[in-house]
Protein chains: 2
Amino acid sequence: MDEKTRPGPKRSLTAEQIVDVALELFDGEAPSIRGVAAKLGVRPNTLYTYLPDRGAMERALVDRFLAMADPDLLVGRRVWRRRVEDYACALRSVLLGHPGAAALLHTAPIDGPTAALVGERLLAVFTSAGLSTADAARSTYAVIVHVLGSATLTAADLRGGTEADIVAARLEMVIDPGFLPLTAAAWPVVATWNTEEQFRWSLRTLLNGCVDAR
Amino acid sequence: MDEKTRPGPKRSLTAEQIVDVALELFDGEAPSIRGVAAKLGVRPNTLYTYLPDRGAMERALVDRFLAMADPDLLVGRRVWRRRVEDYACALRSVLLGHPGAAALLHTAPIDGPTAALVGERLLAVFTSAGLSTADAARSTYAVIVHVLGSATLTAADLRGGTEADIVAARLEMVIDPGFLPLTAAAWPVVATWNTEEQFRWSLRTLLNGCVDAR
DNA sequence: CCGATCTCTGTACGGTGTGCAATGTTGTCC
DNA sequence: GGACAACATTGCACACCGTACAGAGATCGG
């Protein structure tokens, strides 16, 4: 609230600027401290005035990624399942749009302000759907797990190309029906494991289970 | 099959030995090439005779971790839900027992032999439960996502202590009911998000949804 | 103006993965 | 048995990385 005036030279940067260029330089994984500093025209050590260590930069990036999926998708007049699904798909898109972002989410506890807001709104959705407080909380966690887990797995798989490429490549593989008969039979579906369609199916299935809990 | 005899000196190591000590040295993350080499009494470059790069070592580690949860838990005469649950909990335990292992699973596609076997058996479980081939495949993926996603999230959270510690710490936090009323109300449950109990609840909920698909 | 306080820099340390040329061992073939 | 090719291993080197530490200079309150 109060801009405390302090002795010493003015700061030439802000923490936000640092995260900005970190995001700009993000490419599969968080950029190096030295890289960010170079882009800012500053010696690497300078960043330690604003961040305790590299991990802090990564944590800040995590919250930035989270904030890229509009949490407002969780509110509105649409039916509750739709709201969850829309938000989940939006977050998935963000994470897949920045390969490595999903993996970064698993680096440290997710406790930023955006995460808190999303949690609150998911609780609201499930409460409005008729679940008890406890079941709403458990369902919230289950949904988070599904979205992040799925996004991370498919991000790892998608490193080799687009969704369509991966499906096509999978389809061309031949599974020995002697060793893995069921896998071979199910292969056309297995090949689509990393598609948005499968993502939506799993999510709907999970939500079905959640409302069963009522 | 045939031990092709080649010119050149005998190899002093095997790829398996390397993975052995990599596993032994594993501590939160995959050990460095140099560390493994030192433990083997060999110069770092030597390892490149057996592995193309560091990533290969990590991929080998992934399959080792996967193999630590007995896939036989997925077969037997017990009711199918019990088999899935037992295996899932076993895998979760393995991953939580080696912090960082879960995150490693998200580094690259999971396509080792153990993964294939687990997939096949999950398909068998769901087929025996009456699901169509397609639904069994989709359910298999949903379960994998849940187990890996959940284990990874709680592994990240558990870095600060045991399960009980984390729950206790969470419970002591005070959530402002003005900003996050539902979160505040649900906090006693939210605090247990990383427990095995929540894991089982989510899994059972997901399985409920899967059988709804019949 | 003085001293406290702060930012930023120079330098340095110990670490990482891995490419390349040299060394020496081992097998196959004449 | 000797020549030769293939190979494992090494020493050295490069280009990075995160970050600790001491000092120089700027900026404030008094």
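Biologist: What makes a residue count among the 27 that surround DNA strand D?

Modeller: In this predicted model, a residue is near the strand if one of its heavy atoms lies within 4 Å of it. By that definition 27 residues surround DNA strand D, and the closest are Arg34(A), Tyr48(A), Ser12(B), Asn45(B) and Thr46(B). By class, this surface has nine nonpolar, nine polar and nine charged residues.

Biologist: Which parts of DNA strand D lie within 4 Å of the protein?

Modeller: Of the strand atoms within that distance, 66% belong to sugar or phosphate, and the rest belong to bases.

Biologist: Why is the approach of Lys10(A) to a phosphate oxygen of DNA strand D called a polar contact?

Modeller: A polar contact is a pair of N or O atoms within 3.5 Å. An N or O atom in the side chain of Lys10(A) is 2.9 Å from a phosphate oxygen of DNA strand D, so the pair satisfies the definition. Ser32(A) also places a polar side-chain atom 2.6 Å from a phosphate oxygen of this strand, and for Tyr50(B) the distance is 2.8 Å.

Biologist: How do you know that chains A and B are related by a two-fold axis?

Modeller: Two copies of a chain are related by a rotation about an axis and a shift along it. Here a rotation of 180° with 0.0 Å of shift superposes chain B on chain A, with an RMSD of 0.1 Å. That is the relation of a two-fold axis. Moreover, the same surface serves both copies, as 100% of the contact residues of chain B recur in chain A.

How values were computed:
Residues numbered from 1 in each chain as written. Chains lettered and ligands numbered in written order. Predicted model: local features only at pLDDT ≥ 70, side-chain atom pairs only at ≥ 80, totals over all residues. Heavy atoms only, no water. Polar contact = N/O pair within 3.5 Å; in protein donor to acceptor, adjacent residues only side chain to side chain. Nonpolar A, V, L, I, M, F, W, Y, C, P; charged D, E, K, R; others polar. Least-squares fit on C-alpha atoms with pLDDT ≥ 70 in both. Contact = heavy atoms within 4.5 Å.
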